[in-house]
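Hello,

Here is the structure we talked about handing over. Please open it before reading the notes that follow.

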Amino acid sequence: MSTGQSKFHFTQERIVFAIAVALFAAFSIFLDKFLTTQNVISLIQSVSVLGILGIGMAVAVIGRGIDLSMVATMAMSVAWLLLQVGEGVPLGVAALYALGFVVLIGVINGILVAYVEIPALFATLAIGTMVYGFGKYSLVNVDVVYMPETIGWFGQIGSGRIFGLPTAVLLFAAIGIVGFLFLRYIKGGRFIYAIGDNPQTARITGIPVRLIIVLQYVLSALIAFAAGVITATAVSSMNTRIINSTLVYDVILVVVLGGVGLSGGRGGIRNVVVGTLLIGTLLNAMTIMDLTYTVQNIIKAVILLIAIIVDTVLNPRDEQTAQQGDI
Amino acid sequence: MRRTKILAAALAVAALATGPALADRFDDGQSITYYNALNGKVVGFVPIAMGFDLTEGWLAGMQRQADALGYTIVVRDPNWNTEAGIQALGSLIAEKPDLLIVHNNDMHSYNRMVKKALDEGITVLQVNQKVTTNGDAFVGADWYEIGVQDAKAVVKACGEGSGKSGKVAFIQGVPTSPGSAIVLQGAEDVFAEHPEIKVVANQAADWDATKAHAITSTILKQHEDLCGIVGFWDGQDVGTAAAIREAGKTGEVFLVTSGGGQRAAACDNIANGNFSTYVSYDVEGQARDLNSAIKILLQNKPETPAGKPFALYTPLKVFDKSTMRPDSCWTVDELKQFGG
């Protein structure tokens with residue numbers, strides 16, 4: 001993206017970061033108790049799960065794909081895990097089954113996109129619906145599954161504290177670092193960038209494009225599972241009704257807002273973190289200001305729209321380099 | 001020949017054994033009419049969705065009676081989709097059931113379909129949430145009363161004479177849904193009579209435990225001396241309770257919530273200290289009320305549609321750790337065996 005010129009380039013990421021910093025500063029001055037350690041930690045904790053899901057989505061989007069089945073995978077696999085443990089299945093066995101289920105979904109997504117060549121948007125949307133239906137039919141026939149007492153140490157994953165920081169925040173940081181290292185330094189990660197940028201060229205140079213695409217969707221499914229475990233252990237339950245909610249679009253918003261282009265090949269973990277921080281700052285401040293629900297929705301939409309408009313104005317679509325992705 | 005005789009004898013015995021052999025049954029003046037009125041009837045049921053505690057509990061209780069008395073329940077599950085629900089109602093109305101049970105999600109979506117059913121001469125029973133049009137009967141909770149009971153519990157814990165700060169927060173569900181809006185009105189009316197109660201935050205968590213967790217976490221940091229929280233649904237308030245627990249304030253911050261009274265959601269959460277007080281609209285009792293209403297409506301079909309509507313508002317069960325009893329809560333399995 002940067003052309004090596006001496007002029008400072010206003011990328012979307014920088015714009016969103018600037019808006020986030022500006023809002024943070026404004027709220028710190030005008031809102032009581034906003035700039036306290038506890039509140040800032042609370043702010044990050046409230047969007048940790050969204051951030052983790054954003055990392056998973058970014059892995060798919062960078063590879064010129066998208067994974068709309070993440071929320072369905074997350075909810076169904078973790079609900080099944082909790083249900084099994086509640087019925088007496090040992091934790092390890094239940095976790096293995098859930099992981100197997102999650103990997104299977106990722107593989108199916110990958111095969112549909114890479115080998116059957118269905119556009120990712122439709123394939124993952126369909127698989128998401130299928131996972132929900134299949135899960136409701138044969139795995140989890142209630143909508144809210146409560147965490148059984150017998151789950152033991154596992155229940156601390158999302159709700160404990162280490163060195164005074166909530167584990168959710170630490171896990172967000174850990175997954176972020178692992179994601180960053182994978183995308184930057186591991187061959188598979190670099191290949192994902194190559195495929196996102198230009199799949200045909202990647203194929204010609206010898207990159208196993210289709211296998212990497214399958215890997216991409218397996219990774220996003222696994223990250224969704226991790227997010228699900230954290231959120232379920234934080235609130236001691238898994239509500240499968242979130243599959244019907246707009247959560248997946250919030251995840252896409254975080255990713256796109258932070259500057260991971262939907263046409264693939266650009267962006268990274270830092271973009272997701274920036275997008276997450278903006279949303280987190282907004283939500284936290286609006287709760288402190290005790291704004292009503294409808295007003296909050298309007299403000300959130302307006303600020304996000306402003307961020308995208310500013311980017312479109314400062315970075316107009318360049319027909320020479322613009323990519324027509326499948327999305 | 002011998003085999004045919006045995007077969008004939010077996011068939012004769014079977015014929016005597018099957019079915020309510022009504023001709024031989026003792027008639028106390030009403031019983032035969034009763035059984036005849038109910039046997040073979042068709043009851044249609046359109047819930048908001050199956051697969052959650054309320055509807056599974058109701059259906060378990062209703063199905064037991066249906067099996068015992070010989071009528072069928074036809075369930076059309078729209079899975080949270082209002083459009084699909086309207087279509088399901090339309091197709092059921094076309095099949096002309098003897099009774100139509102409608103579970104509404106709000107006060108308006110099925111209004112036209114309820115009117116249509118009444119115009120076609122179908123008896124309509126609304127459950128837990130009614131549209132503005134009256135059916136022939138209503139079985140369910142009085143949402144305003146739930147808000148009143150929630151607020152009264154909070155006033156007892158945080159109001160005058162309790163020695164606490166009197167600061168209270170609302171964690172609503174979806175503010176536009178009646179299950180949130182009407183409950184809020186009831187609670188606010190009670191708080192208006194108690195000036196020592198100050199509502200410091202009024203937020204909505206979308207019935208989502210994770211959002212409730214985040215919102216409560218922020219509110220607790222803003223108001224260190226928060227005394228009570230009115231939660232609007234048990235499924236979402238496990239998140240509220242988790243935030244209270246993380247702040248180390250379990251027992252200090254009074255949390256009241258409401259729901260159907262399923263054991264895992266209600267009694268277990270009272271026992272482990274997550275919720276301080278629970279207002280249950282007692283799905284077990286509602287199943288019993290539904291069954292009674294079904295029996296009445298099938299025996300005495302109203303002459304004019306919705307001419308004399310009657311209502312069975314659920315007596316709410318309000319309990320906390322000290323007043324909780326073994327029968328305060330229920331499970332779906334128990335209802336399948338004993339309910340209705």
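**Notes on chain B**

In β8(B), B:G228 is the bridge partner of B:V168. Please keep in mind that this is a predicted model. I begin with the strands around that pair, then go on to the other sheet and to the contact with chain A.

**Around β6**

B:V168 belongs to strand β6 of chain B, residues 167–172. This strand pairs with β8(B), residues 228–231, in the parallel sense, over 4 bridges. β6(B) is also joined to β7(B) by 6 bridges, and these two strands run parallel as well. One of the opposite pairs there is B:Q172 with B:A204 of β7(B). To get from β6(B) to β7(B), the chain passes through helix α7, residues 178–192 of chain B, in a right-handed β-α-β crossover.

How many of the residues of β6(B) are buried? The count is 6 of 6, and the strand is mostly covered. In a regular strand, side chains alternate between the two faces of the sheet. In β6(B), one side carries B:K167, B:A169 and B:I171, and the other carries B:V168, B:F170 and B:Q172. Both faces are covered, with every one of these residues buried.

**The six-stranded sheet**

Chain B also has an open sheet of 6 strands, in the order β2-β1-β3-β4-β5-β11, with parallel pairing. Its edge strands are β2 (72–75) and β11 (310–313), each of which pairs on one side only. On average, neighbouring strands are turned by 20° against each other, direction ignored.

At the β2 end, strand β1(B), residues 42–46, is joined to β2(B) by 4 bridges, and the two run parallel. Within β2(B), the residue opposite B:V42 is B:T72.

Helix α11 of chain B, residues 283–299, lies across β1, β3 (99–102), β4 (123–127), β5 (137–140) and β11 of that chain. The helix runs at about 170° to β5(B).

**Contact with chain A**

On the chain B side, 26 residues are in contact with 27 residues of chain A. Which elements of chain B give two or more residues to this side? They are β7 (198–204), α8 (209–222) and α9 (234–246). α8(B) gives the most, with 10 residues. Sorted by class, the chain B side has 13 nonpolar, 10 polar and 3 charged residues. β7(B) thus appears twice in these notes: it is joined to β6(B), and it is among the elements that touch chain A.

Regards

Definitions and conventions. Residues numbered from 1 in each chain as written. Chains lettered and ligands numbered in written order. Predicted model: local features only at pLDDT ≥ 70, side-chain atom pairs only at ≥ 80, totals over all residues. Contact = placed C-beta atoms within 7 Å. Nonpolar A, V, L, I, M, F, W, Y, C, P; charged D, E, K, R; others polar. Pairing = 2+ DSSP bridges. Axes fitted to C-alpha atoms, helices over the stretch in contact; angles between N-to-C directions. Buried ≥ 20, exposed ≤ 12 C-beta atoms within 10 Å, placed from the backbone. Right-handed = clockwise from strand over helix to strand, strands pointing away.
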